[in-house]
Amino acid sequence: MKTFTYTLTHPNGLHGRPAMELADFARTLDSAVTVRKGERSAPVDHLMALMLLGASQGDEVTVAVEGGGEEKDLAALEDFFRANL
Amino acid sequence: MEKIGGVPVCPGVALGELYVWERAPAPPAAEGGGPARELERLLRARDRAEEILEEQYRLALSRLGQDEADIFRLHRMMLEDPDFWAAARGPVESGQAGARAAALAAGETFARQLRALEDPYLRARADDVAEAARLLAAQLDGGEAPLTLPGPVILAADALDPGELLTLDRDKVLGLALGRAAPSGHWAILARAMGLPAVTGVEIAPTWSGRQAGLDGETGELWLEPDGETRGRLQARGLARAETAAAQALAARAPAVTRSGKQIEVCANIGKPEEAAQALAQGADGVGLFRTEFLCLGRADCPGEEEQFLACRWAAQAMEGRRVTIRTLDLGGDKRTPWLPPEEGENPALGLRGVRLTLARPDLFVPQLRAILRAAAFGKLAVMFPMVTSPEEVDRARALLDQCRARLEAEGVPAGPLEVGVMVETPAAALLAHKLARRVDFFSIGTNDLTQYTLAADRQSPALAGLWDQRNPAVWELIARTAQAGKAAGIRVAVCGQLAADREMTGRLLEAGVDELSVPPADVPAVKARVRELD
């Protein structure tokens, strides 16, 4: 399993369009990806669970990638977070 | 006359007859066929609800814009969500609940959890999941009757779902007076985009139908049987608003001409074909940069020729004869996709990216060039190559383009005329601009990358924040050389980086000889206004 942490910069945080884009994007990956904020975590392609993390601008989230092409997917996700969130 | 207070939501005024609408109660549940039958009904209802949301997404996209369309995409994704779906189907499968009760309960469960969050934006999404669940439940009984209006009326209702609002006959609705709809709800975004004056928080009486009313979306006031003076005041306000809007629209569409009479094309940068409508609404003279990477990022495979053709054709047609400049794939470097193998080497910005990548991968380049050539038969298109560093790269790209055109001709597939240009975004391209100018129809100076490569400073690096500066004299020297070389060769010179929208620098860019500025759609009116102030 590989992880990275990221501080959300998008004014809407992890919901609205960024969350939809993320859930859509995650479907193209081979690995199982979870996003954690504090004690709550959500599979990245579960939109409702992502929204219920309640992650807003300035919050730190941890993204964990497991299985499949971990390294490749981790890099793609890091790019995605930087570009969209 | 009776004045009723409300909360202002969307500006504008309306005068006319009131029509009170209530959502018809659901028919008695047709349950009792057992869990298997109920589950089947639920599955079919979900298919139908998703179809409806897809239709509404398209409708909103073509009539309003991406933000408005995304509301329907959100609702659809909520219905597809695995947790929502588990909550809806679980009780049906176990026989604990009928399909309708389960669908509505699933919506309520998630709405309650969202309402418990701190973030006000997220709390407002509780309405969305409830609305999506209601749409699903309605499909179990053949769908809801559409909201039809008797004539031009002020529509009074407790609340409206986004779908109900979107499919209203716009000619028959003058304004909205709502009862319990939250001002932060998605309905408000739609109402604003539809140009509907709206207030909420109004205590509506069912007996209002047919009565005359006046509504002011800026103050939140609603008058029943407004007197002559109130009507006159509202009419004057409405007229003034319409005049201002018309004047602004006219100014936005008018060309940007300097005091000395030089016309500057102010174009828009877009990343998706749908954004062409927004560019046009802001008065853009064309699209100066259409990034095509959106087609590729976040998906498992590379889009084929047909998909790229449709996207380019859409943009070309949406711009109604104005030029659309398409940048060929600018992938590689830091823009990776799952299907593009990560490259070796430590510095992606200096790696196989832009035209280097596409020249090395004809399987990517040829379908795109063919798509662009075909789309050029439907509008005024230009193509440009990113990350060029040598005249040879331009020669090779042009040769490939010529081959693609010859091939299309041989196949009997129509292809249109195409201007060909290069992005000047490396110091090498700027220094060899005189050689490049002989090979192309235009330059487009990409100041973001040009700054990064000239100053050896990564824009993303916070430690270098002060160093990455588009106004740096070294960057200017290269911009000036490029513009000069373009002028000498008699070709068009455009600027499409962040610098193009920097209104303090507009004067210097024009002095350098730039003919076109391409900026984010929202910046078009301000940049045009700035050009008009200059000599």
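The expected span of a helix is 1.5 Å times one less than its number of residues. I begin with that rule because I want to apply it straight away to helix 12 of chain B, residues 362-375, whose 14 residues should on this basis span 20 Å, and whose end C-alpha atoms are 19 Å apart, which agrees. Please keep in mind throughout that this is a predicted model, and that what I describe this morning was computed from it.

Let me stay with helix 12 of chain B for a moment. This helix is mostly covered, with ten of its 14 residues buried. The buried residues include Leu364(B), Phe365(B), Leu369(B), Ile372(B) and Leu373(B), and they also include Gln368(B), Arg370(B) and Arg374(B). What do the buried residues of helix 12 pack against? Their partners in chain B are three helices and three strands by name: helix 10 (305-318), helix 11 (355-360) and helix 13 (391-411), together with strand 12 (324-327), strand 13 (381-385) and strand 14 (418-424).

Between two of those partners, strand 13 and helix 13 of chain B, there is a loop that holds Met387(B). The phi of Met387(B) is near 60°, which is a positive value in a residue other than glycine. As background, most residues other than glycine have a negative phi. Is Met387(B) buried or exposed? Met387(B) counts as buried, because 25 other C-beta atoms lie within 10 Å, and the cut-off for that class is 20 or more.

A second residue of this kind is Glu225(B), which has a positive phi of about 45° although it is not a glycine. Glu225(B) sits in the loop between strand 8 and helix 8 of chain B. Here the surroundings give another answer, since Glu225(B) has 12 C-beta neighbours inside 10 Å and therefore counts as exposed, the limit for that class being 12 or fewer.

That loop brings us to helix 8 of chain B, residues 228-253, which lies across strand 3 (13-21), strand 7 (212-216) and strand 8 (221-224) of chain B and runs at about 110° to strand 3. These strands belong to an open sheet of eight strands in chain B, with the order 1-8-7-3-4-5-6-2 and mixed pairing. At the edges of the sheet are strand 1 (2-4) and strand 2 (7-10) of chain B, each of which pairs on one side only. From one strand to the next, the twist averages 30°. Helix 7 of chain B, residues 186-193, also packs on the sheet, where it touches strand 2, strand 5 and strand 6 (198-200) of chain B, and its direction makes about 55° with that of strand 2. Within the sheet, strand 4 (153-157) and strand 5 (173-178) of chain B pair in the parallel sense over five bridges, and Ile154(B) has Gly175(B) of strand 5 as its bridge partner.

Turning to a pair of helices, the axes of helix 3 (82-93) and helix 4 (99-115) of chain B come within 8 Å and cross at roughly 145°. Their contact is made by residues including Phe84(B), Ala87(B) and Val92(B) of helix 3 and Ala102(B), Ala106(B) and Phe110(B) of helix 4 of chain B. The contact residues divide into ten nonpolar, one polar and no charged. The crossing of helix 3 and helix 4 of chain B is right-handed.

Further along chain B, helix 16 (447-455) is mostly covered, with seven of its nine residues buried. Among those buried residues are Asp449(B), Leu450(B), Gln452(B) and Tyr453(B). They pack against strand 14, helix 14 (427-431), strand 15 (442-445), helix 17 (473-489) and strand 16 (492-495) of chain B. Helix 16 of chain B is followed by Ala456(B), whose phi is positive, near 50°.

For chain B as a whole, the secondary structure comes to 19 helices and 17 strands, and 46% of its 535 residues count as buried.

Finally, how many residues of chain A are in contact with chain B? There are 24 residues of chain A in contact with 25 residues of chain B. On the chain A side, helix 1 (16-26), helix 2 (47-52) and helix 3 (70-84) of chain A each supply at least two residues, and the largest share, seven residues, comes from helix 1 of chain A. That side of chain A divides into eleven nonpolar, eight polar and five charged residues.

Definitions and conventions:
Residues numbered from 1 in each chain as written. Chains lettered and ligands numbered in written order. Predicted model: local features only at pLDDT ≥ 70, side-chain atom pairs only at ≥ 80, totals over all residues. Contact = placed C-beta atoms within 7 Å. Helix = DSSP H or I, 4+ residues; strand = E, 2+ residues; numbered from the N terminus. Nonpolar A, V, L, I, M, F, W, Y, C, P; charged D, E, K, R; others polar. Axes fitted to C-alpha atoms, helices over the stretch in contact; angles between N-to-C directions. Left-handed = near helix turned anticlockwise from the far one by under 90°. Pairing = 2+ DSSP bridges.
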